[in-house]
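Here are some questions a newcomer might put to this structure. Each is followed by a short answer.

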Amino acid sequence: MPTPTPNRGYPAPVNSDPADVPQALQDLAEAIDSDLATIEPTIHQRPFFRVTASAPQKMIFSTSERLQFTDLEANTENAIVPSPVMPINAVRPSAGAWWLTATCSYGAPPAGTLDEITFRIFSSGVAGLLSGSTVHVTPPAQDGTRTISVSTLARFSPPDDVFVLFDFHRVGVDPALYTLFSRSLTGTKVST
Amino acid sequence: MPANTPLGITYPLYTDSIDPAVQIAEIATDTDGIVQTLVNRIAAVATRPIGRVGAIANQVIVTNTLTTLLLTGGEFSTPMEDPANNRLNLTESGVYIITAAVLCAGNAAALPYSMLLQINSDAGFSAVPAAVSLPLHNTRGTWVNVSAVHFHTGVGTDHITLSVRHNSAASVTVMNRNLTACKVSNDTGLF
């Protein structure tokens, strides 16, 4: 009776086995083949997702609003399940630890000035607020748009969602509506 | 005398005596060890060390003083987290992503003033792998964040902490803050 190898259990013949070399080799080959077939699916790309939007998003003064995304640019290895139906304002990553980056372009307000633009990334799970980024300078009209971004590591356990909040605070004349431009949320799984 | 493949699988030569059971068993055992090594590496890639420590209780930072941030909560409950000492401990050699963020309250001191946030390492190539400074505000809060790609040789434990310094005339209160790290690659080899 062949002895199984210590780790993978491949059949290793012993001298008391029947002298049937082809059968022993076939048994070993099939055992290795079967084992490799179970290992192969565990080797894959890291799950990765990217959602974006380019159409302007109107923000209401003094409210924290979620970024909205209209395009699913990538969703590899079931990074987000089920694959979302656009538009969305949250993404549900698969279980594990994720490196996340969110970006957003913004411009000058239609009137008055802003003294704070804060960009925060959240989990709907117990972690809650994950990270943030702030600027206190209003872009002048001639500047076109500027971009703010934030990156962090976070761990998710479904049904945790990840979403991004944009806040602005005005000085003087109230810019009742504020426009965001291109925006993105990107994540790749880095650990369990 | 048997020979070995480059990965170490033993096989008989034409001049060797015929002993099929032993020779096939050697191939089985050698292949077993190689495959198990690969399986272990695959598992290691999927389960990289990770940690996150943070705090939300206010911490008052006095003027012009480099101050270690208190990070008293471990959020992932992993061995990397050392909230009792306000830090993350990197023990495996390799490449890490580190990210940090702190929310600073506004204060009424005369502008301008800024907050420096730096990541500290006591066993890496640099004592300060990354730092950033941003202007703060009189009344509005400010998130300051910084990220780094960091390398640890694996010699000793690399203790990762956060420090801040500001030049406001008044003390600055920091609120939400966190420090996270994840190993993303080994320093050598193909995994």
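## Salt bridges, the interface and a few odd spots

Reader: Is A:Arg120 buried or exposed?

Author: This is a predicted model. The cut-off for buried is under 20% relative accessible area. A:Arg120 has 18% relative accessibility, so A:Arg120 counts as buried.

Reader: Which residue meets the side chain of A:Arg120 in a salt bridge?

Author: The N to O distance in this salt bridge is 3.1 Å. The partner counts as buried, at 14% relative accessibility. The partner of A:Arg120 is A:Asp167.

Reader: How many residues apart in sequence are the parts that A:Asp167 and A:Arg120 tie together?

Author: A:Asp167 lies in strand E11 (residues 162-171) of chain A. A:Arg120 lies in strand E8 of chain A. The pair therefore ties together parts of the chain whose separation in sequence is 47 residues.

Reader: Which residue forms a salt bridge with B:Lys183?

Author: B:Lys183 is buried, with a relative accessible area of 3%. Its partner counts as partly exposed, at 38% relative accessibility. The closest N and O atoms are 2.8 Å apart, and the partner is B:Glu92.

Reader: Where do B:Lys183 and B:Glu92 lie, and how many residues apart are the parts they tie together?

Author: B:Lys183 is in strand E14 (residues 172-185) of chain B. B:Glu92 is in the loop between strand E8 (87-90) and strand E9 (94-104) of chain B. The pair therefore ties together parts separated in sequence by 91 residues.

Reader: How many salt bridges does the rule find across the interface of chain A and chain B?

Author: Over all chains, the structure holds 8 salt bridges. Across the interface of chain A and chain B, the rule finds 1.

Reader: Which residue of chain A forms a salt bridge with B:Arg140?

Author: The closest N and O atoms of this pair are 2.5 Å apart. B:Arg140 lies in the loop between strand E11 (130-135) and strand E12 (142-152) of chain B, and its partner in strand E8 of chain A, so the pair joins two chains. B:Arg140 is partly exposed, with a relative accessible area of 24%. The partner is buried, with a relative accessible area of 10%, and is A:Glu116.

Reader: How many residue pairs are in polar contact between chain A and chain B?

Author: The contact takes 47 residues from chain A and 44 residues from chain B. Between them the two chains bury about 3,400 Å², 62% of it on carbon and sulfur atoms. Counting pairs with both residues at pLDDT 80 or more, the number in polar contact is 18.

Reader: Which element supplies the largest share of the side of chain A that touches chain B?

Author: Several elements of chain A each supply at least two residues, among them strand E2 (11-12), helix H1 (21-39) and strand E12 (177-191). The largest share is 8 residues, and it comes from H1(A).

Reader: What covers the buried residues of H1(B)?

Author: Helix H1 (residues 20-46) of chain B has 27 residues and reaches 39 Å from its first C-alpha to its last. Its buried residues include B:Ala21, B:Ile24, B:Ala28 and B:Val35. What covers the buried residues includes strand E2 (10-11) of chain B, together with E2 and H1 of chain A.

Reader: With which side chain does the side chain of A:Gln57 make a polar contact?

Author: A:Gln57 is found in strand E4 (residues 57-60) of chain A. At 3% relative accessibility, A:Gln57 counts as buried. A polar atom of its side chain lies 2.9 Å from the backbone oxygen of A:Arg66. The side-chain polar contact, at 3.0 Å, is with A:Arg183.

Reader: What is omega for the cis peptide bond that joins A:Val81 and A:Pro82?

Author: Most peptide bonds are trans. This one is cis. A:Pro82 is found in the loop between strand E6 (71-76) and E7 of chain A. Omega is about -5 degrees.

Reader: What is phi of B:Asn86?

Author: Most residues other than glycine have a negative phi. B:Asn86 has a positive value. B:Asn86 lies in the loop between strand E7 (81-82) and E8 of chain B. Its phi is near 60 degrees.

Technical notes. Residues are numbered from 1 along each chain as its sequence is written. Chains are lettered from A and ligands numbered from 1 in the order in which they are written. This is a predicted model: local features need pLDDT of at least 70, side-chain atom pairs count only at pLDDT 80 or more; totals for chains, interfaces and linings use all residues. Side-chain values use heavy atoms; hydrogens and water are left out. Contact means heavy atoms within 4.5 Å. Buried area is the accessible area (1.4 Å probe) that two parts lose on being put together, summed over both. A salt bridge is a side-chain nitrogen of Lys or Arg within 4 Å of a carboxyl oxygen of Asp or Glu. A polar contact is a pair of N or O atoms within 3.5 Å; within protein, one must be able to donate a hydrogen and the other to accept it, and residues adjacent in sequence count only if both atoms are side-chain atoms. Helices (H or I, at least four residues) and strands (E, at least two) are DSSP runs, numbered from the N terminus. The expected span of a helix is 1.5 Å times one less than its number of residues. Buried means under 20% relative accessible area, exposed over 50%, partly exposed in between (1.4 Å probe, protein chains only).
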